[in-house]
Protein chains: 2
Amino acid sequence: MTNLPNFENLYCPLPLVSKSHIVLGHGSGGSMTHNLIKEVFLQAFGNPYLEAGNDFASIPLPKVTRSKGRLTISTDAHVITPLQFPGGDIGRLAVSGTVNDICMSGGIPLYLTAAFILEEGLSIDLLKEIAFSMKRTAEEAEVQIIAGDTKVVEKGKADQLFITTCGVGWIPSGREISGDRAQDGDVVILSGEIAEHGIAVLAARGDLHFQTTVVSDVAPLNQLISLLLQAAPHTHVLRDPTRGGLATVLNEIAQQSGMGIKIEEELIPIKKEVKSACELLGFDPLYVANEGKFVAILPKNEMDAALQALASHPLGKSARLIGVVDQENPLRVTMKTLIGGTRIVDMLSGEMLPRIC
Amino acid sequence: MTNLPNFENLYCPLPLVSKSHIVLGHGSGGSMTHNLIKEVFLQAFGNPYLEAGNDFASIPLPKVTRSKGRLTISTDAHVITPLQFPGGDIGRLAVSGTVNDICMSGGIPLYLTAAFILEEGLSIDLLKEIAFSMKRTAEEAEVQIIAGDTKVVEKGKADQLFITTCGVGWIPSGREISGDRAQDGDVVILSGEIAEHGIAVLAARGDLHFQTTVVSDVAPLNQLISLLLQAAPHTHVLRDPTRGGLATVLNEIAQQSGMGIKIEEELIPIKKEVKSACELLGFDPLYVANEGKFVAILPKNEMDAALQALASHPLGKSARLIGVVDQENPLRVTMKTLIGGTRIVDMLSGEMLPRIC
């Protein structure tokens, strides 16, 4: 014992410099930030745009795009917990989520940016794993990550890691895809089984209280969409049923277009294991998040070609017709249930599964 | 007293629905999210791109840009605390920060996206104030906010509000501005007084222990840069000394270009009050953040025109020559001090002021 209070015991901050964990200095904008960028992000994403070391990336557009068409832009903040889950991680999600939003405009994804908010104490090895997962997913999606930002907040002021991605793509001239373009008589196609992402993330949280082998469907959809649009060039609407699930996106489309959408429960593809998990948990799978599926609404005469194109790709092998667009119940989504009745399918109201994406 | 435990006292969550504060349901992707977007973000940013209600914005490029030039893209995550401070708030910062990064490429900012991470319990009125501050700053910068995202995390998993913006701009053909283009004999111009943002934010945190009237310089620089580039079309480098301050960006430029940079302490503009605050706190103002200033490096023969153009705009009225680029000390920044010596000015190493932007 001395007469001086032992200040060291009063507060135990992380060391000012650390090679294994994120500390506040990694967000200073100075040399520690530069070293982190070099060791983690340039290692993973390295390309001439990032290596130029500017706060921006300047990019030529591919020649074919210069004369006609439009740019398409989308952004998503990712706050999923846990960071890693069966079938993916926040990095694969952050790339796929934004690539898919670009695809849903009919656009060809070209470039991504990624902004990282790191909590003091995050493992740098974990950050590296996630950065390399982003790299692999970006390669799969044929996009480059060309600009980024890194911020650090004190322990307890964030939850390990948040990643916000922004994507830029190109919509070829003449392609008009939007939620308000659903038309009377169009068919509604779903690209595969629903509710896998939500159940896989719940399982990773240990919230299920039973064993499951469900894995998240998180994947970039650019190749599948490209096949679809070659086969069905007059596709009116594309949308990925992420947060809020299939029910919510169908409601969004009904409201944007002023049309009604009729689906049939028995046509909706869902894996047996996912269905059982939803039943045990009391979840309606129509509201559970997906991260590698989409709804396509297109003219009936392009349906067969569309289904054939989708079936030719691993991510679309369970694609099928699930309903039609008509004007009988404008602005409403209705579903013929397995027992033969018809019910209104509302939009998700509050929160079912927080931080699923 | 009853025999049942009083569950209500064990955990007191926020109500599931709230009109005054953010709850988890606002991040569900369902109708609560839609209502929040309508009431806050569409009210503030409303434009046809956002109102279309898709997860993307598809935008025609201005006609003049179609034939030549390049796109420029930048992103920034903003985690500043407190959210409001003398001279600005996180909203003005988020728009200005990204607009300015686009400007530093020589680009004309066109469009922004904004992704919001909200902590459960955030006041919706405060969110509205910040959204309207973004709207006003976007008008000042002549950009539109055309796509966004909203996520909510549980209380204690973020710090009120983080905003990540991404910007897209256009670089006219022939304009080549980058940190690696600083050349022997170039002059170094600074657009105004330094260190105001950092000191203003510290004051807002109550960390100063003395009174100050310093306000942040946070502002979009697009008009000032446009005037500069008309007057000095061969500008080689533009960079805004944000995190890490003037010393850090000059070091970045020295390293990118392989040149040495010599500055003179007595030429660096700084307000008396800011200088006093830095002295009292033991801060070197060369390392304190700015959010409405830039360094321009350009050929000597365009210097007079550049300084005249800058002086014609309120944000550039204190602009002046602060140094030169040469090869005497490659990769180094050196400064002639007030007392006549010369010292090496290093890059900021660790963290001086966390969460300044």
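Biologist: How do you know that B:Pro285 touches B:Cys278?

Modeller: Contact means heavy atoms within 4.5 Å. B:Pro285 touches B:Ile194, B:Ala195, B:Ile270 and B:Cys278, not counting residues up to four places away in sequence. This is a predicted model: local features need pLDDT of at least 70, side-chain atom pairs need 80 or more, and totals for chains, interfaces and linings use all residues. Residues count from 1 along each chain as written, chains are lettered from A and ligands numbered from 1 in written order, and side-chain values use heavy atoms, without hydrogens or water.

Biologist: Where does B:Pro285 lie?

Modeller: In the loop between α10 (272–281) and β11 (295–298) of chain B. Helices are DSSP runs of H or I, at least four residues, and strands are runs of E, at least two, numbered from the N terminus.

Biologist: What makes the crossing of α5(B) and α6(B) right- or left-handed?

Modeller: The near helix is turned from the far one, clockwise for right-handed, anticlockwise by less than a right angle for left-handed. This crossing is right-handed. The angle is about 35°, with the axes 7 Å apart. Axes are lines fitted to C-alpha atoms over the stretch in contact, and angles run from 0 to 180 degrees between N-to-C directions.

Biologist: Which relation links chains A and B?

Modeller: Chain B can be laid on chain A by a turn of 180° and a shift of 0.0 Å along the axis, with an RMSD of 0.0 Å. That is why it is the relation of a two-fold axis. The fit is by least squares on C-alpha atoms of residues with pLDDT of at least 70 in both copies. In chain B, the C-alpha of B:Ala158 is nearest the axis, 2.0 Å from it.
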